[in-house]
Amino acid sequence: MNITDLPFGVTDWSEIERTEHLGERGMAYWQTRTFGDIRVRMVEYSPGYIADHWCAKGHILLCLDGELDTELKDGRSFTLTPGTSYQVADNAELHRSSTDCGARLFVVD
């Protein structure tokens with residue numbers, strides 16, 4: 001990642017609009033900032049959430065609260081808890097997220 005033309009700035013996430021994204025079950029709530037080609041999000045998944053698609057987008061993802069289960073298309077699965085993260089490249093490994101108890105994440109993609 002090469003970050004250019006980005007002056008110093010502070011984001012107060014409480015002031016960022018929250019959008020709703022329906023999953024196969026449950027809801028995802030996104031707060032999004034975009035800086036050129038870089039998208040930065042706070043994402044909250046409701047309890048019982050499961051994504052409605054396999055994702056090919058690359059991310060760097062940090063779990064802030066709750067627990068996030070991530071399944072890879074090849075059958076592997078991983079659970080993130082607060083303070084753990086994952087990273088995956090664009091079009092590298094299809095992945096899908098779910099959570100039983102809900103989760104809050106910080107995502108850069």
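Here are some notes on this predicted model, going from the sheet to the salt bridges and then to a few single residues.

1. **The sheet.** Start with the strands. Six of them make an open sheet, and the order across it is β1-β2-β3-β9-β4-β7, with antiparallel pairing. β1 and β7 are at the edges with a single partner strand each, so one side of each has no neighbour in the sheet. On average, neighbouring strands here are turned by 25 degrees against each other, direction ignored. When you trace the sheet in the viewer, notice that the order across it is β1-β2-β3-β9-β4-β7, which is not simply the numbering of the strands.

2. **β9 and its two partners.** Which strands does β9 pair with? On one hand there is β3 (residues 38-45), which is joined to β9 (residues 103-108) by 6 bridges, the two running antiparallel. To find this pairing on screen, pick Val43: its bridge partner in β9 is Leu105. On the other hand there is β4, also antiparallel to β9 and joined to it by 6 bridges. Here you can pick Leu61, whose bridge partner in β9 is Val107.

3. **Out to the edge.** From β4 you can step on to β7, with 4 bridges joining this antiparallel pair. A handy marker is His59, which has Val88 in β7 as its bridge partner. After that the sheet stops on this side, because β7 is an edge strand with a single partner. While you are looking at strands, here is a general rule to keep in mind: in a regular strand, side chains alternate between the two faces of the sheet.

4. **A buried salt bridge.** Now for the charges. Side chains of opposite charge can pair when their charged atoms come close. A search of the whole structure turns up 8 salt bridges. One of them is between Asp109 and Arg41, at 2.7 Å from N to O. The two come from distant parts of the chain: Asp109 sits in the segment after β9 and Arg41 in strand β3, 68 residues apart. Are these residues buried or exposed? Asp109 has a relative accessible area of 12%, so it counts as buried. Arg41 is buried as well, at 5%. The pair also belongs to a network of salt bridges that links Arg39, Arg41 and Asp109.

5. **A salt bridge between two strands.** Next, look at Arg104 and Asp65, whose side chains meet in a salt bridge of 2.7 Å, N to O. Arg104 is in strand β9 and Asp65 in strand β4 (residues 59-66), so this pair ties together parts that are 39 residues apart in sequence. You have already met these strands as partners in the sheet, joined by 6 bridges. Arg104 is partly exposed, with a relative accessible area of 32%, and Asp65 is partly exposed too, at 36%.

6. **Arg76 and Asp74.** These two also form a salt bridge, with the closest N and O atoms 3.0 Å apart. Arg76 is partly exposed, with a relative accessible area of 38%, while Asp74 is exposed at 52%.

7. **Glu44.** Go back to strand β3, where Glu44 is found. Its relative accessible area is 35%, so it counts as partly exposed. What does Glu44 touch, leaving aside its neighbours within four places in sequence? The answer is Arg18, Met27, Ala28, Tyr29, Ala103 and Arg104. Trp30 is worth a look too: its C-alpha atom and that of Glu44 are separated by 6.6 Å, with their positions 14 residues apart along the chain.

8. **Ser97.** This residue is in strand β8. Ser97 is buried, with a relative accessible area of 9%. Not counting residues up to four places away in sequence, its contacts include three tyrosines, namely Tyr45, Tyr49 and Tyr86, as well as Ile50, Ala51, Leu68, Asp69 and Thr70.

9. **Two positive phi angles.** Finally, check the backbone at Asp5 and Asn91. Asp5 is not a glycine, yet it has a positive phi of about 50 degrees. You will find Asp5 in the segment before β1 (18-22), and at 80% relative accessibility it counts as exposed. Asn91, not a glycine either, has a positive phi of about 55 degrees. It is placed in the loop between β7 (85-88) and β8 (95-98), and Asn91 is exposed, with a relative accessible area of 65%.

How values were computed. Residues numbered from 1 in each chain as written. Predicted model: local features only at pLDDT ≥ 70, side-chain atom pairs only at ≥ 80, totals over all residues. Heavy atoms only, no water. Buried < 20%, exposed > 50% of the residue type's maximum accessible area, 1.4 Å probe, protein only. Pairing = 2+ DSSP bridges. Axes fitted to C-alpha atoms, helices over the stretch in contact; angles between N-to-C directions. Contact = heavy atoms within 4.5 Å. Salt bridge = Lys/Arg side-chain N within 4 Å of Asp/Glu carboxyl O.
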